[in-house]
Amino acid sequence: MTAQGMSMIQYEFPLNEKSRTYLRFDALFQQLGANQALENERDSFCFFRALFDFLELAERCDMRTDLMKDLERQRQKVAAWSGLPGVDQAKLDALASQLGQLAHQLPRTPRPGSRLKEDKFLGAIRQRFAIPGGLCPFDVPVLHHWQSQSQARRRQDGDGWLQELALLRQATGLLLQLWRDSGHYQSQVARGGFYQDNAEGAELIGVRLDASLGHYPTVSGHRSRFAIRFLPAGEHPAGDIPFELACC
């Protein structure tokens, strides 16, 4: 978001391991979506790298149970808003229904990425993406053969792979959006570049900072207690740093 006279940079930091995982999956989904057109070789390499990062992360953890519980908690919150003055009841009912359906479907679907691991083409090229310079035509001729196909054919393949992740992508995106919408940015000052506070009940925090200040935030903490330290990028002097904070 841009304030008058300022170019603001927005950061998000998780407050627990669960929200850290959600944000990582969300970042990968955004990368996949940004390169989904598969118009050229650059799009393809970025798409496959994000896809294989997803598979690597999905093999380490199955977040469906946590996600299902969090969606159900959000559904209960939405239901509690029913009857409040000024509430659009139709939109509220639609959101509650969507949350309920996602929470119901998640544990009844195959583990995310499990079918992609059985794809022979993906299996043939996956390991090469971990090798420096390993995408030369003599290393993975099958990839360069695929790249020579029409964009329509490549796009069809890409859409099919992403369809396997559609439910998880939708559930993660909706939950994070509801968390983000629940936070309200307030002006704060980090004295000497340091700020600490308590975020009881929050899952993540948002930090907005004027880019011209030449600092960036790092966050540490345990459970709801967190500390933000603003570090200089380059030769900018240390001092008090004004910023905006939201606990979501």
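## A charge over a ring

Let's start with one small contact: R208 lies over the face of Y185, and the distance to the ring centre is 3.7 Å. Keep in mind as you look around that this is a predicted model.

## A sheet of three strands

Next, the strands. Three of them make an open sheet in the order β3-β6-β5, and the pairing is antiparallel. Since β3 and β5 stand at the edges with a single partner strand each, one side of each is left without a neighbour in the sheet. Neighbouring strands here are turned by 20° against each other on average, if you ignore direction.

How many bridges join β3 to β6? Five, with β3 covering residues 194–198 and β6 covering residues 225–232. To find your way along this pairing, look for N198, which stands opposite R225 in β6, and for D197, which stands opposite F226 in β6.

On the β5 side, eight bridges join β5 (residues 215–222) to β6, and these two strands also run antiparallel. Here H215 stands opposite P232 in β6. β5 and β6 form a hairpin with two residues between the strands, and in this hairpin R223 takes a positive phi near 55°. As a rule for looking at such strands, side chains in a regular strand alternate between the two faces of the sheet.

## Aromatic rings

Now for the rings: the structure holds 19 aromatic pairs. One of them is F29 with F54, whose centres are 5.7 Å apart and whose planes meet at 40°, so the pair is tilted. F29 sits in helix α1 (residues 17–34) and F54 in helix α2 (residues 41–60), so this pair ties together parts that are 25 residues apart in sequence. Buried or exposed, what is F29? F29 counts as buried, at 4% relative accessibility. F54 is buried too, with a relative accessible area of 0%.

Another tilted pair is F47 with W161, at 6.4 Å centre to centre and 35° between the planes. This pair links distant parts of the chain, with F47 in helix α2 and W161 in helix α7 (residues 151–163), 114 residues apart. Both F47 and W161 are buried.

F47 and W161 also turn up in a bigger group: which residues form one aromatic cluster with them? They are F45, F48, F52, F121, F129 and W146, so to speak the rest of the group.

## Cysteines

How many disulfides does the structure hold? Zero. Take C248 as an example: C248 is in no disulfide, and the nearest cysteine sulfur, that of C247, is 7.3 Å away. A disulfide would need the two sulfur atoms within 2.5 Å, so that pair does not qualify.

What about their surroundings? C248 counts as buried, at 11% relative accessibility. C61, on the other hand, is partly exposed, with a relative accessible area of 24%. The cut-off behind these words is 20%: under 20% relative accessible area means buried, so C248 falls on that side.

Definitions and conventions:
Residues numbered from 1 in each chain as written. Predicted model: local features only at pLDDT ≥ 70, side-chain atom pairs only at ≥ 80, totals over all residues. Heavy atoms only, no water. Pairing = 2+ DSSP bridges. Helix = DSSP H or I, 4+ residues; strand = E, 2+ residues; numbered from the N terminus. Buried < 20%, exposed > 50% of the residue type's maximum accessible area, 1.4 Å probe, protein only. Phe/Tyr/Trp six-rings, centres within 6.5 Å; stacked < 30°, edge-to-face > 60°. Lys NZ or Arg CZ within 6 Å of the ring centre and 35° of its normal. Axes fitted to C-alpha atoms, helices over the stretch in contact; angles between N-to-C directions.
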